[in-house]
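Visitor: I have a chain on screen and would like a walk through its sheet. Where should we begin?

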Amino acid sequence: MAITLRDRCAIVGVGHTRYTRGTSASTLELQLEAATAALGDAGLTTADVDAVMPNDMSDRIAEEFILNLGLEDLAFTSTIHTGGASVISAIQSACMAIATGVATCVLVVAGRRGYSEQRVSTTSVRPMPVLAAVNEFEKPYGSLVAAQWFAQSAQRHMHEYGTTSEHFGHVALTCRAHANLNPNAYMHSRPMTLADHQSSRMITTPFHLLDCSLETDGAAAIVITSAERAADLRREPVLISGVGEGHGSPPTSITQKPDLTFVEGMHFAGRRAFAMAGIGPDEIDCAQLYDGFTWFVLASLEALGFCGRGESGPFVADGRIGLGGQLPVNTHGGLLSEAHVSGMNHVIEATRQLRRSVEPQRQVTSCETALVTNEGDFHEGSVLILRKGTS
């Protein structure tokens with residue numbers, strides 16, 4: 001599989017809505033808007049689409065896209081259920097469908113009314129399917145949501161390696177600085193200092209408010225087709241060189257991990273993606289790392305081999321993840337400062353960096369290869385490696 005999928009498929013269209021807090025549009029309407037924009041970007045129409053990958057976190061189904069986009073002969077559809085890791089896992093399935101001839105043009109969508117309807121503070125928490133250990137033994141004691149689950153990993157990382165809240169703050173600060181260069185970002189023109197981070201209210205120790213990703217309304221979508229077909233379309237293709245999925249062991253809860261500080265699913269996914277692409281961490285020009293919480297970025301840098309175990313705090317504090325640094329990270333602002341659309345905006349940013357179509361002030365110099373991550377509920381991970389194609 002690693003050999004057959006490398007550079008077989010390409011992202012040919014990207015699109016998204018405005019990222020807001022407050023909308024009258026439904027989740028489906030937002031996703032349809034993003035899907036239409038992505039098709040327009042590719043120079044394709046709904047008649048070209050023969051596969052749809054709805055997103056688990058938004059509770060949408062393929063039939064809604066068939067009905068509202070007028071898709072007449074859908075050949076493939078699937079929904080991946082790995083929480084925040086689902087988008088890149090869906091991209092992997094899309095590539096498999098295209099490479100095997102099951103489909104020719106796949107629409108992958110994500111996003112929801114994350115502020116107007118599905119805020120953590122105003123909605124009930126759904127039971128985690130299958131994960132009885134969490135539902136039975138942890139939730140009765142108040143461990144209810146992702147911030148509380150991952151706070152345990154972050155706290156242990158601080159204990160084991162001397163990681164500090166200020167290290168988390170440097171991640172937030174970098175994402176905000178990049179968002180201030182990105183007119184699409186919800187936090188555009190809202191500067192932040194390290195003191196702002198440190199003084200923001202505590203959500204669950206050790207996470208401050210500014211360690212947590214945004215609750216926003218919006219949707220994003222991409223279009224994937226074969227590399228051969230992509231060469232004849234409107235946009236310079238962005239080749240999917242590597243993709244991988246990984247799961248935690250055991251997949252029950254954070255507390256049951258033999259090592260709370262190591263995101264093994266991300267490590268496994270990265271190992272597969274790097275092997276497929278035939279490159280290593282040193283050959284990545286920018287990384288769009290899933291940042292549901294600032295600690296995710298530190299954990300991902302270690303799990304993927306960009307730095308050693310316990311070294312991610314000083315790595316980010318040294319400015320290495322900023323524009324012009326060793327590894328520019330979340331050049332759009334990420335989930336922390338652009339928007340939370342289940343990580344699809346990370347894929348779009350990587351695509352635009354490779355196309356050279358972002359604002360000049362945040363364009364990564366000589367960007368040829370980009371890495372994107374997604375992270376799921378209990379250390380699941382998915383990794384995507386994209387490469388600049390040829391016109």
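**Pairs and faces in the sheet**

Guide: Begin with one pair of residues: M53 stands opposite V108 in β4. Keep in mind that this is a predicted model.

Visitor: Which strand joins β4 by three bridges, and in what sense do they run?

Guide: Look at residues 51–53, which make up strand β2. Three bridges join that strand to β4. The two run parallel.

Visitor: How many bridges join β4 to β7?

Guide: Take C105 as a marker, with T225 of β7 opposite. β4 and β7 run antiparallel. The bridges between them number nine.

Visitor: Is β4 mostly covered or exposed, and how many of its residues are buried?

Guide: Side chains in a regular strand alternate between the two faces of the sheet. In β4, C105, L107, V109, G111 and R113 are buried on one side. V106, V108, A110 and R112 are buried on the other. The strand is mostly covered, and the buried count is nine of nine.

Visitor: Which strands stand at the edges of the sheet?

Guide: The sheet is open, mixed in pairing, and ordered β3-β2-β4-β7-β1-β8-β11-β10-β9. An edge strand here has a single partner, so one side is left without a neighbour in the sheet. The edge strands are β3 (76–77) and β9 (286–288).

Visitor: Which residue in β10 is the bridge partner of C286?

Guide: β9 pairs with β10, residues 369–375, in the parallel sense. Three bridges hold that pairing. The partner of C286 is A370.

Visitor: What angle does helix α14 make with β1?

Guide: Helix α14, residues 344–355, packs on the sheet. Among the strands it touches are β4, β9 and β10. Its direction and that of β1 make an angle of about 115 degrees.

Technical notes: Residues numbered from 1 in each chain as written. Predicted model: local features only at pLDDT ≥ 70, side-chain atom pairs only at ≥ 80, totals over all residues. Heavy atoms only, no water. Pairing = 2+ DSSP bridges. Helix = DSSP H or I, 4+ residues; strand = E, 2+ residues; numbered from the N terminus. Contact = heavy atoms within 4.5 Å. Axes fitted to C-alpha atoms, helices over the stretch in contact; angles between N-to-C directions. Buried < 20%, exposed > 50% of the residue type's maximum accessible area, 1.4 Å probe, protein only.
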